[in-house]
Each structure stands twice: as C-alpha cells, then as structure tokens.
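Please look over the sequence and the structure shown here; the report that follows describes selected features under short headings.

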Amino acid sequence: TLAASAVSTPAADGTVGGRPAARAQAVASLGAAAQLPVACLTPILQGVQRDSYRAVPSARRALSVLLAETALAGEKRLGLADGTVFRYSADPQSPDRLVDATDEDGDGTPEAVEAAARGLAEARDLLVEGLDLPAPGAVEVLLADVGDGVDGYVLARRRSDRRSLIVLDTAPRGGGREIRRAAIHQYAHVVGAAVGPAGLPAGWSEALATWAELRLGGVEDPQLAAQLSRRLAGLHKGLLTEDLDLAAGNAAWLAFLESAYGGASVRATIEELAAGGPPAAALDRGVRRGGGANLESALRDFHLWSVLTGARDDGRHFPFASQLAPPAFATVFEGLPCLAVQPEPALEPLGAVQALVVPEEERGGLTLRFEGETPGAWDADLLLVMDSGQLRRVPVEIGPDGRGRLTVPLDGLAEALLLVRSLDESGGPRRYSWSADRVAGYPFEIASLDASSLENGGGVLLRWETASESGLVGFNVSRILEGGSEERRINLVWIPAFGGPSAPAFYQFVDATAEPGLSYRYRIEGVTSEGLSSFSDPVVVEAQGPSTSGPLP
C-alpha cells in the first residue's frame, strides 16, 4: 500500500556520490572491466563486495562511489507500509529525471514509480509468500540515471541503515514501463542475498532474478527470450558454468524444476546453493528435496525439454518453448552411415549436447555406437521422431569403459536425435565420438507371409516365417478393413518370438473375429525389448461365409 503522500526533499546541487555522472562512470567502469553480458550489474557488485581485497583498485573506487550517500535534485520520496522507500527526482533538468514522468491517475505519483512498487510487491509475493524464502525486510529504491546498457543493480548492507539499496535506471530497455520488470529482477537479488549465511553465489543469484522476471512477465522481452535460447544452445558449457550470460540463463533450469516438480524444488535448490559446498551436490540435494529422483534423472529430462523448443514445441514442456529459438545441433547428418569424431564440442561438467540424424532408409535398423572419453561419467538417449509426430526416448546403455550401443527400427522413423550428457561434477571438458549405421533385417526379416480364409466362416488364418530375428520380444497382428482408416491390433497378448539372427521361425495366428464377406488388410508387427515397432508389408484377404454345399466327405 502506498503512503498517503510523498515527501519532497530539495537538493542544492543534484549530487549522487559527487555527481550523477560519477555514478554512470562507476557503472560503466565496472561493466567494461567485467565485459558485462547482461543488463544487471548486481553479480559484479556482489563479487567486489564479498571479496573486496581481491578486487582491482578501480573496482574498489567505483564501489565506493556507488556506496556514497545519495541526494537527488528535486528529490521526492514515496513510502510503503512495510518501510520500503522509493526516491526519485522531480526536477525536469536533472540527469536523474524520470524519462516517463506521466501521472495518468492524477495521484501525484508518476506511473513509473508505481510500476516499480508493483514489481517489488509481485516479486515479494512470488519469492517470500509463494516460495517461503527469507523476507529481506524494507529496502530503499533509488530511480536514477544508471547509464547505457544497465537496467539496475543492488548494493547490500549499506553502512547508514543496513538496508539494501536497489537502483533502477530511469530509462531501462523498453522504456519506462519496463521499470516494473527491472524492479522484479533486482528485488529477487535482495532475496537471494538473504538466503543462508552468505547468500546465493553470484551466477545463481542472477538465475533466480531472471527466473522471477520470467515467471512474472513471461518472455515478452526479446532479450530475455534470446538469453534463454543462448543458455539452451550452450548446454555443453554445463550447469556449473561461470559465464554470467549462461548462468543467468540457468533460469531455464529453475523453470524446469517448477514445472516438473513444483515450486518446492525451486526453494530447495536456492536454499541448498546458498548453504555452500560443491554446487553439483547442492543441485542434487535440491532435486531430491523437491520431489525429483536425483540430479542425473532431472538433467536427463531437462535436456529433453531443451530440444523441444521453437518449431519443435509439443506443448507439453516449457510453457514458453514456442517463443524460444529451435534447438541447436552440434552436427546434422542426412542418410546412413554417419560418423562424428572431433567437430562436436567437448562437454563441461553437467553439460549436454545433441546431434541430428535424418535417415533416408525405411527398412532395417539404425545402430548407434557411442564412445566417451574416460575417466568420465556419461549418459545418452536417442530421441526418435516418428513419421506420425510421436516422440520416443530410448536410453543408450553406457558401460564403465564409456562405450554404448543401441539398435532401433528404421520403420516409420523420420529423425533420430542423439542426446549426450556428461555427469562429471568436476574436472575439465570431456570428448566423445559416435557413429550410426544401417542394419539390414532388423528387428526381423519376413521370408513369407500368407493369409487365407477358413471355410464355414471360421475366420482368417495368417502364417508367416521369419528369415532372421534380433532383439524381439514378440509379434502383434494388426488389421484394417480394406478401404477403411482405423487399424487395430487383434491379438490380446503378444505372440512370443523364438527365432534368432540365423534361426528361421514359423508362426500362425487365427483371426476368428473376421466377418464373412469383408476384405481385410493384415500386417505383422514386431516389438523390440525397448517397446519399439517394425511392420511387415501388408497382405489382403477376403473372409469367407459359411459353406452351402454341405460337409466335406
């Protein structure tokens, strides 16, 4: 709730830490030294404040400028019921003036200030009331000229009143209405600093702030959508990356946790990361506490979500997937065989990458061979995209030697996406290689298939002989009325497979439900141990009615 009135405080010279230009110069100096890839200076300031003795002199001087007591020309203050104070300049000549100073409701407070207040309230509701993270207490919010390229920053534990100072640029990206988004982002930093004895690590604090912005505003900001897309395209750098742009994009990880396991998993992850210790172990504890199995299984699912973006969005994973770029593939192959050795990027700890194979063949099987560098811990899947659009994910069993092999049917297969993950939690990048070949006659090769109508309306007898079988658990018989459109399985249980790669086998099945006088198209479906299917060519037969010539002698 806004206070009843704003308090006007004059300032003789409009200085802030000396002059408004000093603040902008300090921000520019810190941003340039760090090659700031995001529009938020807070992670840099956190690093300088926490380890000031390691900071270069120019960074310490810039920090002292920003920490100085501030005064705005023609300053006005707006107080909230919880003690939070907003300060802004009403002097139209001041460099700190609001770019958008409109007051549409005529209550004496500019819309930009009210937008900032809404942003703080929404972020508090999400993080403190919703996730039950620690309440940081009242804060001071300064709307002032920050300089080009930075939307805002937070200074924690100021000497005068021990309150955190949020500074929001009066002209953020997208204009005055975007001050709400910047306020959400910076308040999340304040909350992150209040978790645990030392607060969140800088990269994960930026991830939390970006997630809060995403959660409360979607990806309407093109730069936010691009940032998330860059994170997913750069998963080979791993979840533990120190690259600030990619670390901020770890908001996608938090969004995945919330969608897959609920908000409790986000809270648990933030608490565990703030508790200190190896970050990989903290991520694992956060997943387990939040209801997931473990970090390995969560990373496996997250990787799947990361490739179902853009035009590949199936509407079942990230709610904003369609607004992101399509997945980036390390390599793309058309046709078999194919081989990838060195061109693909090495994987950092908890990193992931994907490759695409578009087979041109329709019969037989696709055999994948994988070999990862050792020592190393590897995990991989084949994501099968069928002609029907159906998705099937099949794990690749990888042994302690880093090697794995998997064969899947080519029947009905439009694309195969190889998803590779490094489960190492420390150490340097790991390399891998893989190949894919066509295997003829997989999972079975039909030597003969015959369908004949039994006399006296007894149904249809199907007989088939296989020349070879591999990886089969059984057969199904499917039927469709000639000229119809609905194909269905007619056997109640699998017909067990008992052939082998060089052991022909003979089978027969009676369809007693075939109606006399109708023509049917039958196919034999072979089912592999992974639950994948391959079909024979169809055979057509007309079921006969009861005989009218009497019994045979």
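## A buried aspartate

In this predicted model, aspartate 221 counts as buried because its relative accessible area is 14%, which lies under the 20% cut-off. Aspartate 221 belongs to the loop between α6 (202-217) and α7 (222-233), and, leaving aside residues up to four places away in sequence, aspartate 221 touches Arg173, Arg181 and Glu213.

## Nonpolar cores

The largest nonpolar core holds 73 residues, and the members that touch the most others are Phe86, Trp211, Trp253, Phe302 and Phe318. Helix α4 (residues 111-130) supplies the largest share of this core, with 9 residues. A second core, separate from the one just described, has 29 residues, among them Val357, Ile398, Leu413 and Val420.

The surroundings of phenylalanine 302 can be listed in detail: when residues up to four places away in sequence are not counted, phenylalanine 302 touches Leu232, Leu235, Leu239, Ala252, Trp253, Phe256 and Phe318.

## Aromatic rings and a charge over a ring

Phe302 also belongs to an aromatic cluster, which it forms together with Trp253, Phe256, Tyr261, Trp305, Phe318 and Phe320. Trp253, Phe302 and Phe318 therefore appear both in this cluster and among the core residues that touch the most other members, where core membership requires the residues to be buried. The count of aromatic pairs comes to 18.

A further ring takes part in an arrangement with a charged group: the charged end of arginine 523 sits over the ring of phenylalanine 535, at 4.0 Å from the centre of that ring.

## Strand β14 and its partners

Strand β14 (residues 413-422) is mostly covered, since 9 of its 10 residues are buried. Strand β9 (residues 352-358) pairs with β14 in the antiparallel sense over 6 bridges, and within this pairing alanine 355 has leucine 418 of β14 as its bridge partner.

Strand β11 (residues 378-386) also runs antiparallel to β14, to which it is joined by 9 bridges; here valine 385 stands opposite glutamate 415 in β14. Leu413 and Val420, which are included in the second core, fall within the residue range of β14.

## Cysteines

How many disulfides does a search of the whole structure find? The search finds 0. Cysteine 40 counts as buried because its relative accessibility is 2%, and cysteine 338, with a relative accessible area of 7%, is buried as well.

Conventions: Residues numbered from 1 in each chain as written. Predicted model: local features only at pLDDT ≥ 70, side-chain atom pairs only at ≥ 80, totals over all residues. Heavy atoms only, no water. Phe/Tyr/Trp six-rings, centres within 6.5 Å; stacked < 30°, edge-to-face > 60°. Lys NZ or Arg CZ within 6 Å of the ring centre and 35° of its normal. Disulfide = S-S within 2.5 Å. Buried < 20%, exposed > 50% of the residue type's maximum accessible area, 1.4 Å probe, protein only. Helix = DSSP H or I, 4+ residues; strand = E, 2+ residues; numbered from the N terminus. Pairing = 2+ DSSP bridges. Core = buried A, V, L, I, M, F, W, Y, C linked by side-chain atoms within 4.5 Å. Contact = heavy atoms within 4.5 Å.
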